[in-house]
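Student: Could you take me on a close look at the site around the ligand? I'd like to know what surrounds the ligand and where its polar contacts are.

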Amino acid sequence: MAENRTYEKLMNCLACIRKKTDFVPKVALVLGSGLGNYGDHIQLETAVSYHDIEGFPVSTVAGHKGQFLFGYVGAVPVVCMQGRVHYYEGYDISDVVLPIRLMKLMGAEILFLTNAAGGLQDGMTAGDFMLIRDHISCFAPNPLIGSNMDELGERFPDMTEIYDHELARLIRKNASSRGILIKEGVYAQLTGPSFESPAEITMLKRLGVDAVGMSTVVEAIAAKHMGMRICGISCICNLAAGISKHPLSHEEVQAAGKAAAPLFEALVSACVEDFASC
Ligand code: HPA
């Protein structure tokens with residue numbers, strides 16, 4: 001889609017939201033597979049269904065609800081995406097990152113990304129959490145391709161420090177005070193929807209990848225372009241293909257996400273409350 005159309009669509013979506021709520025979030029939260037119940041942790045002010053936002057891409061994946069939740073985690077105003085949009089659903093990459101851009105335009109300064117991922121790092125097991133230190137984007141289309149929307153950010157944004165050091169410090173601190181051993185590493189986004197082959201996982205491991213999934217990276221790029229501060233945690237829901245002893249399935253990913261959810265949600269909440277000082 002031509003970029004002026006992308007910008008127009010974004011502004012239309014913003015106007016649509018603003019007709020429903022004038023809530024100004026500080027933190028934007030994106031929940032991965034199986035973590036869609038996080039809404040229970042938010043002191044809810046209002047919810048806006050994606051269906052009610054004209055032009056908004058609506059997720060088709062089982063286990064992904066489709067709404068924005070507006071409310072408070074502790075004293076911190078948040079907007080939470082209950083269900084994200086994936087490239088493999090067939091959307092234009094500009095639609096995949098539209099919700100992220102929208103949340104920034106609503107006022108969110110911090111983006112907290114979460115995902116379900118396959119683990120590659122030695123010693124990883126299903127149920128582990130991994131703080132995302134950096135990412136590899138070259139297996140997914142770059143969401144900034146096309147003429148630059150100068151209103152949003154610069155043409156060639158720096159990606160030296162995508163994931164914010166101070167937010168990462170607070171995540172480590174909160175994990176440690178809860179006795180959660182949080183791993184750290186590099187996350188790579190592939191397009192999906194097929195899981196990777198064992199040969200692809202061997203390649204990714206040689207490239208320095210610790211966790212693999214089908215989201216997050218394009219969202220982080222669009223957010224960084226707009227100057228957001230970003231942090232991310234992967235919930236390792238399975239060992240990656242060829243490392244795992246059995247074939248992978250979406251059901252396994254969802255079940256592992258569900259099992260890890262209580263601890264994961266507690267960690268996310270504690271971190272968001274701490275972000276009040278950021
Ligand atoms: N690969 C890609 N995406 C995933 C995986 C995986 O192994 N697990 C959860 N999401």
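**The ligand site**

Tutor: Happy to! In this predicted model, the ligand sits in the largest pocket. Two elements each give two or more residues to the shell around the ligand: strand S5 (110–119) and strand S8 (211–213). Of these, S5 gives the most, with three residues.

Let's go through the shell by name. From the lower numbers come Ala116, Ala117 and Gly118, and then Phe195 and Glu196. Further along the chain are Val212, Gly213 and Met214, and the list ends with Asn238, Leu248 and Val253. By residue class, the shell has seven nonpolar members, three polar ones and one charged one.

Now for the polar contacts, which you may want to check in your viewer. The side chain of Asn238 places an N or O atom 2.6 Å from a nitrogen atom of the ligand. Glu196 also takes part through its side chain, with a polar atom 2.8 Å from a ligand nitrogen. Ala116 contributes through its backbone instead: an N or O atom there lies 3.3 Å from a nitrogen atom of the ligand. As for cover, the ligand taken alone exposes 260 Å², and the protein buries 96% of that.

One more element is worth a look while you have the model open. Helix H6 (residues 217–225) is largely enclosed by the rest of the structure, because eight of its nine residues are buried. Among them are Val217, Val218, Glu219, Ile221 and His225. After H6 comes Gly227, with a positive phi near 85 degrees.

Definitions and conventions
Residues are numbered from 1 along each chain as its sequence is written. This is a predicted model: local features need pLDDT of at least 70, side-chain atom pairs count only at pLDDT 80 or more; totals for chains, interfaces and linings use all residues. Side-chain values use heavy atoms; hydrogens and water are left out. A residue is near a molecule or strand if one of its heavy atoms lies within 4 Å of it. A polar contact is a pair of N or O atoms within 3.5 Å; within protein, one must be able to donate a hydrogen and the other to accept it, and residues adjacent in sequence count only if both atoms are side-chain atoms. Accessible areas come from the Shrake-Rupley method with a 1.4 Å probe; for residues, only the protein chains shown count as cover. On a 1 Å grid over the protein atoms alone, a cavity is a set of points where a 1.4 Å probe fits but cannot get out, and a pocket is an open set with protein on both sides within 12 Å along at least five of seven lines; lining residues have an atom within 4 Å of a point. A molecule sits in a cavity or pocket if more than half of its atoms lie within 2 Å of its grid points. Helices (H or I, at least four residues) and strands (E, at least two) are DSSP runs, numbered from the N terminus. Ala, Val, Leu, Ile, Met, Phe, Trp, Tyr, Cys and Pro count as nonpolar, Asp, Glu, Lys and Arg as charged, and the others, Gly among them, as polar. Buried means under 20% relative accessible area, exposed over 50%, partly exposed in between (1.4 Å probe, protein chains only).
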